Amino acid sequence: MRKAIERHDVVVVGGGPAGLAAAIAAREAGADDVLVLERDSQLGGILNQCIHNGFGLHTFKEELTGPEYAARYVDRADELGVARRLGTMVVDISAGRVVTTVSAAEGVTRIAAGAVVLAMGCRERPRGALATPGHRPAGIYSAGTAQRLVNMEGQLPGREVVILGSGDIGLIMARRMTLEGAHVACVAEIMPYSGGLKRNIVQCLDDYGIPLLLSHTVVDIEGRRRVEAVTIAEVDEGLRPIAGTEVRHPCDTLMLSVGLLPENELSRSAGVELSAVTRGPVVDQDLQTSVPGIFACGNVLHVHDLVDFVSQEAAVAGLQAARYARGPQTPDDSRGIPVVAAEGVRYTVPSHVDPDRMGDSLTVRFRVDNEYRDRHVSVYLDDRRVQHRRRRIMAPGEMEQVVLRRPDLLAHEGLSRITVKLEEA
Amino acid sequence: MARETRELICISCPMGCPLTVTLEGGVVTSVTGNTCPRGDAYGRKEVTDPTRIVTSSVPVDGSPTERMVSVKTASDIPKDRIFDVMRALVGVRAAAPVGIGDVIVPDVAGTGVDMVATRRA
Amino acid sequence: MYDVAIIGAGASGCSIARELSRLDCSICVVEREEDVCCGTSKANSAIVHAGFDAKPGSLMARLNVEGNRLMRAWASELDFDLMPVGSLVVCTDEGATDGLEVLRRRGETNGVPDLRIIGRDELVSMEPNVSDAAVAALWAPTGCIVDPFGLTVALAENAAANGVEFRFNAAVTDITGSGDHWLVTAGGQTIEARAVVNAAGVYADAIHALFIAAAGATSPAAPVAVGAGLTVPAEPLTIVPRKGEYYLLDTTAGRHVRHTVFTLPTAMGKGVLVSPTVHGNLIVGPTATDVEDKEATQTTAEGLAELAARCSIAVRDVPLREVITTFAGLRAHQAAHDFVIGELEAAAGLFDCAAIESPGLTSAPAIGVLVSGLVAGRLGLVSKTEGAFDPVRHGIPDLERLDLDEWDALCRRDPAYGSVVCRCRRVSEAQIVDVIHRVPPATSLDAIKRRTNAMMGRCQGGFCTPKVMEVLVRELGVAPEEVTKCGPGSELVMGRIKDGTAMPPEGLGGGGPR
């Protein structure tokens, strides 16, 4: 490279809600030189297309739309003088924290970062990954793509819509398309429970009489040029379609909301260890990945359902990144105490904790693996139960959390393992 | 007096608390299952006078960066007026510059509520 | 009046056009779809076969081996992706290794160089993920993988650069004779040509039937034997669409095997192959199901289940969770299982290039040479003047393979190279604009996908589809609702919101069953 390598204290990859909150926190923690790299032409990430309300109740105690929520953070970043490069794609991150970017304005540049915050977000699982049989015509959209087309570009992707998958974006788009005059025949969900928030089922489906067909999936897509019909069938407990239950729905559009996948290609290039469950980095209490000085937050770490929690989490990553960049860092060989997800708990973030280095308390976020009623969330320090909290309803679509207290951990001598699990009583 | 109960999911926030609203003679006598005062208020309102915020997006002219500007009703409107609001937005175009909170359609569909911008353009 | 009309812009048709463009003649290619490479050429295994499969003495055997040799030379001349990874035919039955020897001898008879049977140890060292049941394999170092879109587009672009015209959305509906030439009705327009080539893929039987009808009604010139010209009898031909379904896996699985791995052939084809692709993905397929519908390119639950079961015969632990898409293609199968190439008997100037099933893609360069020779013989065509034919075509830069200095240099030349549109496959706006303005142009999402790989990555266009649409709207000067996925009828959006195209209903409800 002919150009000299630039240096910045904290480089944040991604200018969505996670990246913005991390950059702000890093700046507030005293990092002078914080740079946000954003591939889009504006900050805010996915919030820009999430024009519905319901954001910010935890953070701002008011109900904002996505663009309004983003604007609060953009304004704060502006006040703090957070530098940003828009239209800038990160193409590589090295384990030594050299970040390579490309943009129309600058061409290829390399930046040596004191600390890196990964905040690349997630992508939607495409139709192809489901191996749904049928043709591959126009009119098959992932819900987020359709959302962008409608809300940002003002396009109407279709008039007669079937939605596969009950993720939140799919539910939101069911309402959105209905409001714009399209007809949504149904939302089919292969699992026996929804992947989205309950409130979205009420206000996006129930309000408009759109049926949610649980344990149903699409078994055929017709139409060589444009979608002409899809066939939906019920599935058995093994998620296999049940012969004889097929119903054909003539339609011009199939929208998919069948899961979100953290975008960790860059994390991989940096050698960051990834979790097979979350598909995001394995992190400690500081949200530091397996590569020193590289932190992760938001949907690249694990897929969230509430942006407020993304912002909270990202603030931790930003703060710790600022501390790391200020150095000097003592090499730390120990990975801390493992946090184990057991019985009904799919994963925890973080997945290990060093009680000596944690704050007074630590929020551990997790998801459950099924729908549960009247279960207790329990925390064990080795074999000793220290928390036991009843929850009326838990579902995979809604993130849960427990708070670990540092004194509890320090008081437990020889602590080798923290377990989070669900118990009957 | 006729006593009835309605099972609702609170939509005040993403927690989605399951509410049980009890009515006697059409008057709410109790709300249970909520974990905050907003849930109580939602439960009472939803069975007597359900309302919603309506959000949408309208074309904007003259903006260097945006084709569309997102909008919302400045406060909630009766649930049965949602489509009236949407129909009133057909043909509406905003003109740049637009600031957050700018009124795009005053008193939309005669609801007494303004449609306001939720992004800059 | 053209000298030659070629029906079909697949790999065969484009290869014939390109080879004919060396000669002093006018050529028009008519294609029923909106772009080149829309039929069998786009949905296949993307393999350049070594040539040990075909029956010795058959046209297929000859053109496969010749095609394999030519393909390597053309890849550099025409700048398309070809990787000489070699192929393995894996035998998983101790008692059936004779089958490998049969293949080896057949290959030698066909002229395939360097074939060798290898034992399990060598096989495992070459292909660590070979199945535990593998006992031996036939190693064919001349087997390659190729970009079938890149090949076809390169041929078409080079043909166009040398004067060939292309007409798209022009399905042939009629052919008649008129004195010393033929009238081809395509897309509502009539084209006059002294010779007509049928390279219509799965529709070659229908075009062949039009040939026979035209020849019967009027014969423009008495048939004359031209050199050692091949002929095709004026009898009905039946092409059976043979469906092959595939899985395409993410680049994260692209190195699961290092070579193209076949299993010993069965009566229904070559079994399921597992192979890297030139795009770094892993391909698994095909099935082989004869169907009636020539448009039946849908995947089926049965076919995909069969693949999932059969891919593990020769290769272990194929990571099917990494699947990013599935697709199906139709091979133009004919009962005799040989290519049907030659001039129609009893009619001068009508040439069939039919039943081009596997190894049709491999054979495409040789088919081009052969058929252009037949046509040239009939019409008495001669080479263009020295230097009038340019055999070289340049593709677009591949940002995934450029080093960063080279990419930076491109950005300085055109900043749009720094504007990344497709992040999964690292495609910039500059490449997309480039292919939109080439000849033949890319005017749809699929056409852009075939040429640039945009929308072909793990998100399957989730992020970049709106962006690519925007570039198409701008560059073509069309409305968003005119942008298509794959030509007329595949429009992506139906209008704009708030313009009254769709009116919100009155009252509550709005969704649910109709």
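Visitor: How many helices and strands does chain A have, and how does its radius of gyration stand against the globule rule?

Guide: In this predicted model, chain A has 10 helices and 27 strands. For 425 residues the globule rule gives 22 Å, and chain A is close to that value, so it is as compact as a globular protein of that length. The radius of gyration of chain A is 22 Å.

Visitor: What share of the residues in chain A is buried?

Guide: The C-alpha trace of chain A spans about 65 × 60 × 40 Å along its principal axes. Of the contacts in chain A with a separation of 6 or more, 65% are between residues 24 or more positions apart. Of the 425 residues in chain A, the buried share is 60%.

Visitor: Which helix of chain A gives the most to the largest nonpolar core?

Guide: That core has 171 residues, and Val10(A), Val12(A), Val13(A), Ala22(A) and Val117(A) have the most contacts inside it. With 11 residues, the element of chain A that gives the most to this core is helix 9 (residues 307-326).

Visitor: Which residues does Val12(A) contact, leaving aside neighbours within four places in sequence?

Guide: Val12(A) is among the residues with the most contacts inside the largest nonpolar core. Beyond those neighbours, its contacts are Gly19(A), Ala22(A), Ala23(A), Val34(A), Leu35(A), Val36(A), Leu37(A), Val117(A) and Ala119(A).

Visitor: Which strand gives the most to the side of chain B that touches chain A?

Guide: Here 22 residues of chain B are in contact with 26 residues of chain A. On the chain B side, two elements give two or more residues: strand 5 (55-61) and strand 6 (68-73). With four residues, the element of chain B that gives the most is strand 5.

Notes:
Residues numbered from 1 in each chain as written. Chains lettered and ligands numbered in written order. Predicted model: local features only at pLDDT ≥ 70, side-chain atom pairs only at ≥ 80, totals over all residues. Core = buried A, V, L, I, M, F, W, Y, C linked by C-beta atoms within 7 Å. Buried ≥ 20, exposed ≤ 12 C-beta atoms within 10 Å, placed from the backbone. Contact = placed C-beta atoms within 7 Å. Rg over C-alpha atoms; globule rule 2.2 N^0.38 Å.
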